[in-house]
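Student: Could we go through this structure together? I would like to see how the labels follow from the values.

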Amino acid sequence: MNYWVVGASWGGTEHQDQKFVKGGYWMLGWEEKDQPAQYALAEKMKQGDRIAIKRMKGQGKTGIKIFHIGIIQDVILETNKVICTVNWVATDLKRDISESRGCFASIHGPFVNDAWVQEVFCL
């Protein structure tokens, strides 16, 4: 099992997380041609992996906030997008994480299970 920290704010302001949680999925907002490195990471996601939606705390602030935690049920790659169906097991958390570990883009991981991962994914 891998751990992924993902974004859900398209363009930095269009928050998609409530739509994703309600619909039971997460989608990378980039096509492969636009962000090949992000797309390549997302392609590594698999059933049973853990996923957490994060948001930056704001200009000049360090760390991230974790809003939703889930378990990936399936990964769909046929659409030139990466779409994960997700069982969102904890939502609307607003959990402060003081260390961002560089999680500034759309997708980060896979992370190893360490103290930071436990802080992010703890139920």
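Tutor: Gladly! This is a predicted model. In strand β1, residues 3-6, Y3 and V5 point one way while W4 and V6 point the other way.

Student: What makes these side chains take opposite directions?

Tutor: In a regular strand, side chains alternate between the two faces of the sheet. In β1, Y3, V5, W4 and V6 are all buried.

Student: How do you know that β1 pairs with β5?

Tutor: Pairing needs at least two bridges, and four bridges join β1 to β5, residues 50-56, so the two strands count as paired. They run parallel, and Y3 stands opposite R50 in β5.

Student: What makes β9 a partner of β1?

Tutor: Three bridges join β1 to β9, residues 107-111, so the cut-off of at least two is met. These strands run antiparallel, with V6 opposite I107 in β9. Strand β9 also contains P110, and a cis peptide bond joins G109 and P110, with omega about -5 degrees.

Student: Why is D92 called partly exposed?

Tutor: Its relative accessible area is 42%. Buried means under 20% and exposed means over 50%, so D92 falls in between. D92 sits in the loop between β7 (83-90) and β8 (95-97), and has a positive phi of about 55 degrees although it is not a glycine.

Student: Why does R101 count as partly exposed?

Tutor: R101 has 33% relative accessibility, which also lies between 20% and 50%, so the label is partly exposed. R101 lies in the loop between β8 and β9. Its phi is positive, about 50 degrees, although R101 is not a glycine.

How values were computed
Residues are numbered from 1 along each chain as its sequence is written. This is a predicted model: local features need pLDDT of at least 70, side-chain atom pairs count only at pLDDT 80 or more; totals for chains, interfaces and linings use all residues. Side-chain values use heavy atoms; hydrogens and water are left out. Buried means under 20% relative accessible area, exposed over 50%, partly exposed in between (1.4 Å probe, protein chains only).
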